[in-house]
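Good morning, colleagues. Today I should like to go through the surroundings of two bound ligands. Please have the sequence and the model open as I speak.

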Amino acid sequence: MHHPFKVGFCFPKFLRRDKGESGTSHGVSVSEILAVRELDVDSGTKDDGRWQKMPQKSTEAYPYAFTVSYVERAWQHRWRCSDVTFHCLEGALCQQWVQTIREQLTALTSRPKHLLVYINPYGGKQQGERIYEQKVAPLFTLASISTHVIVTEHANHARDHLRTEAELKKYDGVVCVGGDGMFSEMVHGLVSRTQRDNGVDQNSPEEKLVPCTLRIGIIPAGSTDCICYATVGINDPVTSALHIIVGDAQAMDVCSVHHNNTFLRYSVSLLGYGFYGDVLADSERKRWMGPARYDFSGFKTFLTHHYYEGTVSFLPATDILGTPRDKTRCRAGYHQPLFLLPEYKGGWRVIRGKFLAINAASMSCACPRSPKGLSPAAHLADGTTDLILVRKCSRFNFLRHLLRHTSKYDQFDMTFVEVHRVRRFRFTPRYCQSDSELDLRENGKKLFSQICRDHPACSCSPAYSSWNCDGEILPHAAIEVG
Ligand SMILES: CCCCCCCCCCCCC/C=C/[C@@H](O)[C@H](COP(=O)(O)O)NC(=O)CCCCC
Ligand SMILES: Nc1ncnc2c1ncn2[C@@H]1O[C@H](COP(=O)(O)OP(=O)(O)O)[C@@H](O)[C@H]1O
Ligand SMILES: [Ca+2]
């Protein structure tokens, strides 16, 4: 009894036996094979030492076998590792198949062979090390990927190591085990090093960044994991590990944030002032709560209902097709191509007002709390960011707006919300922030400005919020982003 099994090509002389089934046909492309190993049928062991139970009849009739591990697409963007074992009569044929598959795998040049892994043991539910050891490391071993693992000892350990010490030539990629803050650390390390090596002055807002050549893989082990969710479609460590093994890659936009011609930070997902800045600032003081801190601080910030006055100036992205109101979604493997229009036209636009939130989403910012994200149609690598302005409105209306992030209804279709796809933007708070005020805020003190003391009717809205920059606090209110 022979059963065909396609692995980009066919296995004509083999009996397939996985989970006791036989007689089904199955197709797997070579690009989704993780590993192949020969089985020692007589001794009942595989070459990796694991036991395999085979029906007596099959082992007698088909004494040679090998196992192929491959990516199985499960539900909701989830990937799993599956095994299928083939038996045949001739040892030479069996070996030929194993060798051919190995050769095909070696020819896949986009796959990493050596990885540098950083684990944040402090993020999320503090499970980074366990997640890596139990769910990710065995898959890397299976795929013959060698790793150098560093468990970080303090904040910015990974950033500084990547920027100055790491011997990057030895690796095909770096892996981040943590949340958005950890990913941001690694982006800072790699992007800064690349700019330094290429003589780019980070302090100049006009300078174009030189792209990094090394890829960063994300194993989600944080609190929101929005960068992972928005690129992969799910925050699942096994799925992420499998994407890394098969060499998937997705470019993403990196914005630089400046204040008075001084570089502050890079951002790849959310820059949020007002609501998301305040949620983050409050939640950092409640880290002991774990990821639930965001629910607590989100509710508290919603009740405080602070608005902030200022001016937003932006350069609309008029030279692309597509708008933030499109119905398309953009993730790895689902990238809507954008076409540059021949002519660039349009100048800076200026909007003044009182805002509950100013959000700039360089990707959808989808996460388990909001599977469609802050800006569902934002593209991952088109050089633009979606600027969402939520003007002062009633608590009830703001709640309606927030809740729409969790349903099929359009969160932008509200009179107090506007959204623009932009290339650059600036925010200037109405009241200037002095250096001493900035120092105070950097030390974590909440500042109620002069204006509140002078105008009791303002219900003591503080004059400044802070920016939430990929989950890290930026105390400067006035920023320039490009
Ligand atoms: C009252 C109903 C509220 C429903 C709100 C739903 C809106 C949720 C949109 C969430 C957007 C999240 C954007 C992601 C930001 C992350 O970068 C950041 C840090 O992530 P991590 O380092 O993994 O912790 N997370 C946040 O800023 C948390 C925002 C939570 C807001 C409730
Ligand atoms: N070993 C460490 N000890 C303390 N903080 C760390 C360590 N490693 C990284 N960090 C910092 O932890 C913060 C939170 O990390 P992150 O991975 O974003 O988790 P979370 O999603 O829970 O916020 C980041 O600011 C990062 O710089
Ligand atoms: Ca974080």
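To which polar backbone atom does an oxygen atom of ligand 1 lie 3.5 Å away? It is a polar backbone atom of Ser-223. Please bear in mind throughout that this is a predicted model.

Ligand 1 has further polar partners. One of its oxygen atoms is placed 3.0 Å from a polar backbone atom of Asp-225. The side chain of Tyr-294 offers an N or O atom at 2.7 Å from an oxygen atom of ligand 1. On its own, ligand 1 has 770 Å² of accessible area, and the protein covers 89% of it.

Let me turn to the shell as a whole. There are 19 residues around ligand 1, and those that come nearest are Asp-180, Thr-224, Asp-225, Tyr-294 and Asn-468. Asp-225 and Tyr-294 thus appear both in that group and among the polar partners I have just described. By class, the shell of ligand 1 holds 8 nonpolar, 8 polar and 3 charged residues. Two elements each contribute two or more residues to this shell: helix H5, spanning 180–197, and helix H10, spanning 395–404.

Why does ligand 1 lie between two domains? Because domain 2, residues 114–245, and domain 3, residues 255–481, both supply residues to its shell.

I now move to ligand 2. Its shell consists of 20 residues, of which Gly-124, Gly-179, Glu-185, Ser-223 and Arg-287 are the closest. Ser-223 we have already met, through its backbone, beside ligand 1.

Which side chain places an N or O atom 2.6 Å from an oxygen atom of ligand 2? That side chain belongs to Arg-287. The backbone also takes part: Gly-179 has an N or O atom 2.7 Å from an oxygen atom of ligand 2, and a polar backbone atom of Met-182 is 3.5 Å from an oxygen atom of this ligand. Taken alone, ligand 2 exposes 560 Å², of which the protein buries 89%.

As to composition, the shell around ligand 2 divides into 4 nonpolar, 10 polar and 6 charged residues. Helix H5 provides the largest share, with 4 residues. H5 is therefore a contributor that I would ask you to find on screen, given that it also lends two or more residues to the shell of ligand 1.

Finally, the domains. Ligand 2 lies between domain 2 (114–245) and domain 3 (255–481), because both give residues to its shell.

Definitions and conventions:
Residues are numbered from 1 along each chain as its sequence is written. Chains are lettered from A and ligands numbered from 1 in the order in which they are written. This is a predicted model: local features need pLDDT of at least 70, side-chain atom pairs count only at pLDDT 80 or more; totals for chains, interfaces and linings use all residues. Side-chain values use heavy atoms; hydrogens and water are left out. A residue is near a molecule or strand if one of its heavy atoms lies within 4 Å of it. A polar contact is a pair of N or O atoms within 3.5 Å; within protein, one must be able to donate a hydrogen and the other to accept it, and residues adjacent in sequence count only if both atoms are side-chain atoms. Accessible areas come from the Shrake-Rupley method with a 1.4 Å probe; for residues, only the protein chains shown count as cover. Ala, Val, Leu, Ile, Met, Phe, Trp, Tyr, Cys and Pro count as nonpolar, Asp, Glu, Lys and Arg as charged, and the others, Gly among them, as polar. Domain bounds come from an automatic or database domain assignment.
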